[in-house]
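Hello,

I am passing a structure over to you, and I hope you enjoy looking through it. Please open it beside this message.

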Amino acid sequence: MSNVLKTVMALMIILFGGVLLLENLDVYTFNLDDVFPYLLAGFLLLVGLYLFIKGLQGFSGLFTGVFLAVYGALVLLGQQNIIDFEFDDVFDLWPLILIFIGLSLLGVTAKVKEKMWKRKAKQQRQRPNQVKYSIGENQQTGQWHVKPTHRSNLFGQQSFDFTDAILDEGETPFTLNGLAGEIVIILPDTLAVNLYAEVKAGEILLFQQKTEGINKEMVYETDDYNQSTHKLKLDIRLTSGSIRIIQA
């Protein structure tokens, strides 16, 4: 589902950008007021569906996903005059809160989450190095096992705390890519690290050093990196936003 969502969103952005380009070149003129409601409603629907599925897998945002998906779908139907619903009618959806509370009290959401978690765990055992695409917040903290990883996030925050992380012997590559948002890395001073950080437009904060602007990069390596038996190789690349490397 994440790959499908990523593809659909990319096509929407490309299509919208192409239409704007044609208008700026006086090749084609369109009425933005007619097109924008469809784009916004479609975007809300896609994001809502994605958050809903992530919520079923145990992540936060289940209710937000349901709300955005229903809201976006109703707006699209309203634009087609199938039903009487506009963007301003968002407050009419307040009964969804009661529905969600009722489902939670019945334990429906918890049971579905448990089933999805078991399926996800099985898939991760089969494909431990699978590339993951996501939208929203990704957070890893506490004691966790660091495996060779490549994560891509379209929008939102990625946060990884390596203070109590467990690394296998040797060098563990950990790659993070982002389109827009914030990437936060917390490193203990006892961990051997080789780090490369790059942002196309935004800022990088590496401990007490900071750089910001266009096409900025920073590198860092602990003195004992080559001699260490457990070491982390970080490769962080962000198109737009902020990269923060914090020492625990």
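Below are my notes on what I found.

Please keep in mind from the start that this is a predicted model. The chain has an average pLDDT of 78, and 71% of its residues score at least 70. Confidence varies along the chain: of its elements, strand β7 (residues 192–206) has the highest mean pLDDT, at 93, while helix α5 (residues 108–126) has the lowest, at 55. Across residues 124–131 the pLDDT falls below 50, and this stretch makes six contacts in the model beyond its near neighbours in sequence.

Now to the overall layout. The chain contains five helices and nine strands. Reading from the N terminus, the order is α-α-α-α-α-β-β-β-β-β-β-β-β-β. Of the 248 residues, 33% are buried. The chain exposes about 14700 Å², and carbon and sulfur atoms supply 58% of that area. If you look at contacts between residues at least 6 apart in sequence, 61% of them join residues at least 24 apart.

In the helical part, I picked out Leu44 as a place to start. Leu44 belongs to helix α2, which covers residues 32–56. With a relative accessible area of 16%, Leu44 falls under the 20% cut-off and so counts as buried. What does Leu44 touch, leaving aside residues up to four places away in sequence? Its contacts are Leu68, Ala69, Tyr71, Gly72 and Phe87. You can also find Gly65 from here: Leu44 and Gly65 are 21 residues apart along the chain, and their C-alpha atoms are separated by 9.1 Å.

Next come the strands, and how they pair. β2 (138–140) and β4 (149–161) are parallel partners, with three bridges between them. Within that pairing, Asn138 sits opposite Gln158 of β4. β4 also runs parallel to β6, and 12 bridges join the two. One example to look for is Ser159, whose bridge partner in β6 is Val184.

β7 has two partners that I would like to show you. With strand β9 (residues 230–247), β7 runs parallel, and the two are joined by 14 bridges. There, Leu206 has Ile245 in β9 as its bridge partner. With strand β8 (residues 209–221), the pairing of β7 is antiparallel and uses 12 bridges. In this case Glu203 is matched with Glu212 in β8. β7 and β8 form a hairpin with two residues between the strands, and Phe207 there adopts a positive phi near 55°.

Then there are the aromatic rings. The structure holds eight aromatic pairs. One of them is Trp144 with Phe162: the ring centres lie 5.2 Å apart and the planes meet at 45°, so this pair is tilted. The two residues come from distant parts of the chain, 18 residues apart: Trp144 is in the loop between β2 and β3 (145–146), and Phe162 is in the loop between β4 and β5 (166–167).

Are these two residues buried or exposed? Trp144 has a relative accessibility of 10%, so it counts as buried. Phe162 has a relative accessibility of 2% and is buried as well.

Trp144 also pairs with Phe174, with ring centres 6.1 Å apart and planes at 70°, so this pair is edge-to-face. This pair too links distant parts of the chain, since Phe174 lies in strand β6 (residues 170–187), 30 residues from Trp144. At 1% relative accessibility, Phe174 is counted as buried. Which residues do the ring pairs link into a cluster? They are Trp144, Phe160, Phe162 and Phe174.

One last ring to look at is that of Tyr225. Lys231 lies over its face, at 5.1 Å from the ring centre.

If you want a short route through the model, try Leu44 in helix α2, then the cluster that includes Trp144, and then the hairpin of β7 and β8.

Best wishes

Terms used:
Residues numbered from 1 in each chain as written. Predicted model: local features only at pLDDT ≥ 70, side-chain atom pairs only at ≥ 80, totals over all residues. Heavy atoms only, no water. Helix = DSSP H or I, 4+ residues; strand = E, 2+ residues; numbered from the N terminus. Buried < 20%, exposed > 50% of the residue type's maximum accessible area, 1.4 Å probe, protein only. Contact = heavy atoms within 4.5 Å. Areas by Shrake-Rupley, 256 points an atom, 1.4 Å probe, with all protein chains shown as cover. Phe/Tyr/Trp six-rings, centres within 6.5 Å; stacked < 30°, edge-to-face > 60°. Lys NZ or Arg CZ within 6 Å of the ring centre and 35° of its normal. pLDDT = per-residue confidence, 0-100. Pairing = 2+ DSSP bridges.
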